[in-house]
Amino acid sequence: MLRVYILLALKVLQRRKFYTFISLFCISVTLMVILLVTSLVENIIHPPGAERNSERFLAIEKMAISTSIGGRNQRTQPGYQFLNAVIKPMETPELTSIFSTRSQVAGFRNGKRIKSQLKRTDSQYWKILQFDFIEGRPFSEAEAKQGQHVAVISEDTARQYFDDSSALDKLLTVGGESYQVIGVVENVSVLHWNASADIWVPLFANDSTAFTNQVMGGFMGLIMAETPEQVSAMKSEFNKRLAAYKHPDPKRWPVVVSSANTKFEQIARLYHRDLDSPPKTKELTIGIIVTMILFMLLPTINLINLNISRILERASEIGVRKSFGARSSHLITQFLLENIILTCIGGVIGFALALLSMYFISVSGVVPFHSFEINFRVLAAAISVILFFGILSGGYPAWKMSRMNPINALKGAI
Amino acid sequence: MIRIERGKKSYRTDTIQTTALNDVSLHIKKGEFVSIMGPSGCGKSTLMNIIGLLDKPCEGQIYIDDQKIESYNDKSIAPIRNEKIGFIFQSFHLINDLSVLDNVELPLLYRKISAKERRRLALEAIDKVSLNARAKHFPNQLSGGQQQRVAIARAIVGKPKILLADEPTGNLDSAMGNEIMAILDDLHKNDKTTIVMVTHDDEKAQRTERIIRLFDGQLVN
């Protein structure tokens, strides 16, 4: 039976080439966009590369101080003083790191200005984030504490300053300071912003240590648990220590708010910036799902219409099948299967288009250093989309058709 | 084999009600070859549709193979259509995308039998209508007569007790029409199949055992 259904499905697709083209176009383009978006979201929430331990770490990237609860406030990145006071004494994390946010620095080569993003980090940063070293090593605890002028640079920065020759031990001058290159790492996508930079130097490589007294501004913290299960305990401890933290000027700024977030919570915070309330991860999840469903709905409705016309053309076949004992369920199965075959073909085309687009986006540098990946979760999303299309766009027409009166169907009078 | 007791069927539109069958009682015995005749619009097709369980009478009772038809829902009616009745239509109604063999196999798709057995039975039915050489052809590669023979093979592949033929020769020239009649005669004589045939052709009707005449939805003696 299956052989006959598949055979018939392929014949019908060949017979109505324009319908088939429109259907396949709808399915493949929608799937391509969904795959691109899913891959992008997936890549941010479960990043590969340097942030691959993201299930174990929390990031502290925003804080606010306020005159009273709900009163006038200042909101920015945390400062070194705050992070040092709150996260360094923590007991639940296996590792804690304080590092600066990216700042733009310029260097010159052959009279040409090269702009780079620089981060100042401690040594634990290299243990939490798993950079892939092409050559060399990260800076040690001693080098970080002593503020030695050493630097780890990205593959792209190495190429810009030193062409294809080894960058190790060479001197790199950026922002008026010179550093000895001790390591070269693979480029990090700008979307992995905990890790992303072009140049990393020790926190204290800067002559001024004034930043150590600043409560707010310019820094981020990472705290990493031994296992993903311990992350919530780590979060509780962070909240307790945060509650106990007092601003150096407590009369003026009695309220200090901040949060330690997972990757997904970090994204949720981008859209809902109120640090007082928990991150709206549920709302973000619902938002993503609803957007995707709405995005898929239009082509699905289009496909439903196409399928109804396509099925009505086959009224006589439906009449014959019913006359010879086909039940509605047989007909629904047949037409649903035909539609799933169509959507699977569209799925394969969409998948190929998505791979092509991912390649071109990666090569074009629209999202610097970002390389798309298709993993199990993205694949699962693709299969769900194909089934969504196949069942919804085929189900209703199949149901409608299965209820046709066989006499009318045989006459072709629907 | 087929019994209709006081069968009535009328169709209602917004403004008028048309009676297609009016108090028709009919008994067709097992193995009988019966033709139904009458002018256009007299209710022949309605009667056939009611016998074939494609349509439900407004009143009256139907018995197929001594089984009273109580319910017309899909679940109860589909197996009777599949196992006891075979249809032959005036315009063949073959599926052009399927080969002769696949067309003939169609009624067996709705039975729980293996693909191998389906193929064997289909080839046997094709052999009965002498189309073995055409089994892999498609309907549009065949003449009208050959197409109707395929339709007969499809109707008999499941070995139904009743064959319902709605003007089976209506779209064929006389030579092809005679071929089809010969096949029906053979099925009646050798397989003892009960055949009900609607026809306009008096000569063809004369070849059957009994002629049922309809006029204005009623039986005429």
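Visitor: Where is Glu51(A)?
Guide: Glu51(A) sits in the loop between helix 2 (17–45) and strand 1 (57–60) of chain A. Helices (H or I, at least four residues) and strands (E, at least two) are DSSP runs, numbered from the N terminus. This is a predicted model, where local features need pLDDT of at least 70, side-chain atom pairs count only at pLDDT 80 or more, and totals for chains, interfaces and linings use all residues. Residues are numbered from 1 along each chain as its sequence is written, while chains are lettered from A and ligands numbered from 1 in the order in which they are written.

Visitor: Why is Glu51(A) called buried?
Guide: Buried takes 20 or more other C-beta atoms within 10 Å of a residue's own, exposed 12 or fewer, and partly exposed is in between, with C-beta atoms placed from the backbone. Glu51(A) has 26 within 10 Å, so it's buried.

Visitor: How do you know that helix 4 of chain B has the expected span?
Guide: The expected span is 1.5 Å times one less than the number of residues. For the 14 residues of helix 4 (residues 115–128) of chain B that gives 20 Å, and the end C-alpha atoms are 20 Å apart, so the two agree.

Visitor: What makes the buried residues of helix 4 of chain B line one face?
Guide: They are Arg118(B), Leu121(B), Ala122(B), Ala125(B) and Ile126(B). Down the axis they fall within an arc of 140° (taken from the directions from the helix axis to the C-beta atoms), so they line one face. On the other side, Lys116(B), Glu117(B), Arg120(B) and Asp127(B) are exposed.
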